[in-house]
Amino acid sequence: MKFKDAYCTTLNKLLTIEDVVYLYKNEKKHYKDLIEKNLLCPECKQPHLSYNNGSTPYFSVYPKAQHAEGCSLKQDEMSSKQTAEFINDSENEPLVLRQMESVLVMLMGNNSPSVKKTKKTTSQGNSNEENIKKNANSTSKRIPRKRIDSKFETEDFDCDKIFYGSVHLKWEKDKQIKDGKEQEY
């Protein structure tokens, strides 16, 4: 499986593929000393990753390396069609939320408090955790992810993905007249 992010143990932070490409090409000693053998899965931080300098660079897990139990990155990604069907099925809402939470926890790193899991009872009497286990068996794949601060490719448009990363937002007010009244957005 290909990864676009890796956790670097020596720098104690997530690195994008673009970060490592830059270091590999421009700061070879820094790359060799601090990066090369110190990349792990960005989510579970267990299997070591290697940098692959192909025409489209990526990280991959070393052969026979294993992710931690419950790591969503050990799963293959759903196709665009599978993702759309999965997201539009209201019974999968707890699974979608869990995948979004795992991305949030990954971004917050080791210093963050763990996401608390709540057990809410549904109308059928099952807890969310039971529904997640039931639905988890219906799919062995995860929703595709994309760093919002990295280069967008053709396959990143007109599809459902979990976008994540650091961005700067600028808020602007807009006024519109509706039914004779001015409304502000």
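Q: What makes 16 residues in the lining of the second largest pocket charged?
A: Asp, Glu, Lys and Arg count as charged, and 16 lining residues are of that class, beside 13 nonpolar and four polar ones. Nonpolar covers Ala, Val, Leu, Ile, Met, Phe, Trp, Tyr, Cys and Pro, and polar the others, Gly among them. The model is predicted: local features need pLDDT of at least 70 and side-chain atom pairs 80 or more, while totals for chains, interfaces and linings use all residues. Numbering runs from 1 along each chain as its sequence is written, and side-chain values use heavy atoms, without hydrogens and water.

Q: Why is this space called a pocket?
A: On a 1 Å grid over the protein atoms alone, a pocket is an open set of points where a 1.4 Å probe fits, with protein on both sides within 12 Å along at least five of seven lines; therefore an open set that passes this test is called a pocket, and residues with an atom within 4 Å of a point line it. Here 33 residues do, with F3, K4, R145, K146 and E155 nearest the centre.

Q: How do you know that strand 5 and strand 6 pair?
A: Pairing needs at least two DSSP bridges between two strands, where a strand is a DSSP run (E) of at least two residues. Strand 5 (residues 49-52) and strand 6 have four bridges, in the antiparallel sense. One of the bridge partners is Y58 in strand 6, for N52.

Q: Why do strand 1 and strand 6 count as paired?
A: Strand 1 (residues 2-3) and strand 6 (residues 58-61) share two antiparallel bridges, so they meet the minimum of two. F59 is the bridge partner of F3.
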